[in-house]
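Below are some points on the sheet, a helix that packs against it and one lysine, set out for checking against the coordinates.

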Amino acid sequence: MGEVANDKDTNFALSDFRIVTKLGAGSFGDIFMAENKVTSQRVAMKLEIKNCPHPQLHSEYKLYRSLSSARGIPRIYQFGSLSRYNVMVMELLGASLEELFNVCSRRFSLKTVLMLSTQMIERVEHLHNAKYVHRDIKPDNFLMGKGGQSHVVHIIDFGLTKKYFDEKTNTHISYKSGGRLTGTARYASINAMRGGEQSRRDDMEALGYVFMYFLRGNLPWQGLVATTKKQKYEALTEKKSSTTLEELCKGYPEEFALYLGYCRSLGFEETPQYAHVRRTLYNLYKRLQYAHDNIYDWITIKQLHNEISAAKEQPKENDTDSKNI
């Protein structure tokens, strides 16, 4: 059957579940919502074909388990095999930041971006402390929790994650160039776009592009037209490299340009000053006197929709009643 995590909620067999709907696709494998036929508990299930060329799911399962004690890491219930698939059963989370971005008409307020950014940096720092780099930082890979955790950002999808530190030799991996891009071109660091080996600085730089994507609604290198995928990557790399931070961050607090400038200045083996950059963004939040209320843009929109719906459901005043004096 495979491994079963030591968790009080794992007293089940994979065959006890039925697939409800497809939620999306990860770097390797598809993700589904599933429901326990007996208890009605809903979970997320990631499926990987057993005979795929490069199986990753078991390694991803083990990494999740090693990280799972931290805030913003989804709980992992079980790993096993079923029919033609390797299966990982995990906590069902809420919507991704990309989905919520669309709900909010593809623009987040500065308040929401600042609330998200400090948490996202914290999640990446936790992964880095475990000696791994994510290598696919994008809005789709950050999900909000459910219930009492609905205000907490979770990081997911470690299919492209790589260890950057060899604990046996106590050395950082060596820099290499001439490779292929790993990750999502829209948010990847300039180094990654050029085929360079990625380290902690690349995850941090990618986060900066995600922040600006949320603020601006798009990035200057989106929508480029080219004949081949290779030409498109080359054009995107050129546009990303030639776009100054002043141009990219124009109209927004200087802290974002400073953040990206800092990330680009980091050495390949250098440890980012996570606490410092989080504090800089948090100080901006305080300076702007935003309330510490965990009210994100999508919550405000939902509340507005609820108020409109409630108003529509109110019974209309009977005009004839006013005439009965």
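1. The model is predicted, and the remarks that follow should be read with that in mind. In strand β3, Glu 48 stands opposite Asn 86 of β5. The two strands concerned, β3 with residues 42–49 and β5 with residues 85–90, run antiparallel to each other and are joined over six bridges.

2. This pair belongs to an open sheet of five strands, whose order is β1-β2-β3-β5-β4 and whose pairing is antiparallel. The edges are taken by β1 (17–25) and β4 (76–82), and because each has a single partner strand, one side of each is left without a neighbour in the sheet. From one strand to the next, the twist averages 30°.

3. Which residues of helix α1 (residues 57–67) are buried? They are Leu 57, Glu 60, Tyr 61, Leu 63, Tyr 64 and Leu 67. Seen down the axis of α1, these buried residues fall within an arc of 165°, and they therefore line one face of the helix. As a general matter, an α-helix has 3.6 residues a turn, so residues three or four places apart point the same way.

4. The buried residues of α1 pack against strands β3, β4 and β5, and also against α3 (110–129), β6 (132–133) and β8 (153–155).

5. Lys 46, which is found in strand β3, deserves a separate look. Its relative accessibility is 2%, and Lys 46 therefore counts as buried, the cut-off being under 20%. The side chain of Lys 46 makes a polar contact, at 2.9 Å, with the side chain of Glu 60, and Glu 60 is itself one of the buried residues of α1.

Notes. Residues are numbered from 1 along each chain as its sequence is written. This is a predicted model: local features need pLDDT of at least 70, side-chain atom pairs count only at pLDDT 80 or more; totals for chains, interfaces and linings use all residues. Side-chain values use heavy atoms; hydrogens and water are left out. Two strands pair if DSSP finds at least two bridges between them. Helices (H or I, at least four residues) and strands (E, at least two) are DSSP runs, numbered from the N terminus. Axes are lines fitted to C-alpha atoms, for helices over the stretch in contact, and angles run from 0 to 180 degrees between N-to-C directions. Buried means under 20% relative accessible area, exposed over 50%, partly exposed in between (1.4 Å probe, protein chains only). The arc is that of the directions from the helix axis to the C-beta atoms. Contact means heavy atoms within 4.5 Å. A polar contact is a pair of N or O atoms within 3.5 Å; within protein, one must be able to donate a hydrogen and the other to accept it, and residues adjacent in sequence count only if both atoms are side-chain atoms.
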